[in-house]
Amino acid sequence: MSLEDKNILISGSSRGIGYEMAKYFAEICGSMVIVCSRHLENAKKVSEIINGKTYPIELDVTNINNINYSIADILGKFGKIDILINNAGYRFDKKIWYKKLHEIENDRFMEIINVDLMGSVRLSKAVIKQMIKNENEKDNTKKGGVIINISSTPALSGHIEGSPYTIAKSGVIGLTKHIAREYGIYNIRAYTLALGNISTDATYFSMDNKHKSIAEEETSLKRWGKPEEVAKIASHLASNDFSYSTGNTIIIDGGTIMI
Ligand SMILES: NC(=O)c1ccc[n+]([C@@H]2O[C@H](COP(=O)([O-])OP(=O)(O)OC[C@H]3O[C@@H](n4cnc5c(N)ncnc54)[C@H](OP(=O)(O)O)[C@@H]3O)[C@@H](O)[C@H]2O)c1
């Protein structure tokens, strides 16, 4: 698996799963990682902690001008983006999460769709434009690229809470399939990672013990997943080891949903 000459953009890499992926790709795979946060100083802090090639940028996936500016900046500096991971996610908001579908105001609904689904659509569109052109001039081969979209198991199973999240994360699966079908001809591959309970500050570390063990018990492996376990799978998908697989959803949930 060689990812050393790859440039990888990971949205929402200031903390949690995005941060671990940035660290893994930079430190273990030797890739050049574009570290993203809505606040440049946070992206810079993370870049300083990671012991590898990184470039910090300010990126808000709801802001198209910011996206266009950032992509132009990256291309100006590094010439290409080989791998995109759409990881940025709307913060957990219990005021929305526990409301029934019919009780959630449309504006609040759209706020989540705007980050979790449309954020991935916006960034994919901007990056695909360049991946299409990403040909190897020497031998005319299509280098293309890889797009990994972070979804969640409720997108497969449904859930009794958090309907805007489920709906947004279901849309992400459709986005992956479209990218795979429409851009396979350019050697652009796409995958969805449907995550179960992965311990981050937003989940495990902000829960009470009762809810932690409920989540643990529902898995076959009887434990929470670690962000670096997600990073390892993402790195394999991004590598040429997966050169003849595209469009599919990989479930990372300790064996809760099996299809
Ligand atoms: N942890 C889990 O158990 C789990 C399970 C299923 C799916 N997921 C998904 O995995 C992803 C990461 O989850 P996590 O637990 O690591 O979440 P997290 O710790 O809350 O991190 C979320 C990241 O998204 C960024 N972000 C938020 N709004 C943004 C916006 N408008 N534009 C750009 N970046 C934005 C944040 O960056 P700044 O605040 O610095 O801008 C942060 O880096 C999310 O898509 C989440 O839905 C997580």
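**The ligand shell and the parallel sheet**

Helix 1 (16-27), helix 5 and strand 5 each put at least two residues into the shell around the ligand. Helix 1 is the top contributor here, with three residues. The model is a predicted one, and the shell it shows around the ligand counts 31 residues, of which Gly12, Gly16, Arg38, Ala88 and Gly89 come nearest. Sorted by type, the shell has 10 nonpolar, 16 polar and five charged residues.

Now for the sheet. Seven strands line up in the order 3-2-1-4-5-6-7 to make an open sheet, and their pairing is parallel. At the edges sit strand 3 (54-58) and strand 7 (249-252), each of which pairs on one side only. On average, neighbouring strands in this sheet are turned by 20° against each other, direction ignored. As a bit of background, strands of a sheet pair through backbone hydrogen bonds, and they can do so in a parallel or an antiparallel way.

Strand 1 is a handy place to start. Strand 1 pairs with strand 2 in the parallel sense over four bridges. Asparagine 7 stands opposite methionine 32 in strand 2, and leucine 9 faces isoleucine 34 of that strand. With strand 4, strand 1 shares three bridges, again running parallel; here isoleucine 10 has isoleucine 85 of strand 4 opposite.

What about the two faces of strand 1? In a regular strand, side chains alternate between the two faces of the sheet. Strand 1 is covered on both: Asn7 and Leu9 are buried on one side, and Ile8 and Ile10 are buried on the other.

Strand 2 tells a similar story. Met32, Ile34 and Cys36 point one way from strand 2, Val33, Val35 and Ser37 point the other way, and all are buried. Six of the six residues of strand 2 are buried, so this strand is largely enclosed by the rest of the structure. Strand 2 also pairs with strand 3, in the parallel sense and over five bridges. Isoleucine 34 has tyrosine 55 as its bridge partner in strand 3. To get from strand 2 to strand 3, the chain passes through helix 2, and this β-α-β crossover is right-handed. Strand 1, helix 1 and strand 2 also make a right-handed β-α-β unit.

Towards the other edge, strand 6 (residues 188-195) and strand 7 run parallel and are joined by four bridges. In this pair, leucine 195 stands opposite isoleucine 252 in strand 7.

Then there are the helices that go with the sheet. Helix 2 (residues 40-49) lies across strand 2 (32-37) and strand 3, and runs at about 165° to strand 3. Helix 5 (residues 106-131) packs on the sheet and touches strand 1 (7-10), strand 4 (83-86), strand 5 (145-152) and strand 6. The direction of helix 5 makes about 175° with that of strand 4.

Glutamine 130 lies in helix 5. Is glutamine 130 buried, exposed or partly exposed? Glutamine 130 has 18 other C-beta atoms within 10 Å, so it comes out as partly exposed. Leaving aside neighbours within four places in sequence, glutamine 130 is in contact with Leu75, Lys80 and Ile81. Glutamate 229 is 99 residues from glutamine 130 in sequence, and the two are 29 Å apart, C-alpha to C-alpha.

Two loop residues are worth a look for their backbone angles. Most residues other than glycine have a negative phi. Asparagine 187 has a positive phi of about 60° although it is not a glycine, and lysine 222, not a glycine either, has a positive phi of about 55°.

Where are these two found? Asparagine 187 is in the loop between helix 7 (163-183) and strand 6. Asparagine 187 counts as partly exposed because it has 18 C-beta neighbours inside 10 Å. Lysine 222 belongs to the loop between helix 8 (209-217) and helix 9 (227-238). With 11 C-beta neighbours inside 10 Å, lysine 222 therefore counts as exposed. Not counting residues up to four places away in sequence, lysine 222 touches Glu216 and Glu217. Between the C-alpha atoms of lysine 222 and serine 124 there are 35 Å, and these residues are 98 residues apart along the chain.

Definitions and conventions
Residues numbered from 1 in each chain as written. Predicted model: local features only at pLDDT ≥ 70, side-chain atom pairs only at ≥ 80, totals over all residues. Pairing = 2+ DSSP bridges. Axes fitted to C-alpha atoms, helices over the stretch in contact; angles between N-to-C directions. Contact = placed C-beta atoms within 7 Å. Near = placed C-beta within 6 Å. Nonpolar A, V, L, I, M, F, W, Y, C, P; charged D, E, K, R; others polar. Buried ≥ 20, exposed ≤ 12 C-beta atoms within 10 Å, placed from the backbone. Right-handed = clockwise from strand over helix to strand, strands pointing away.
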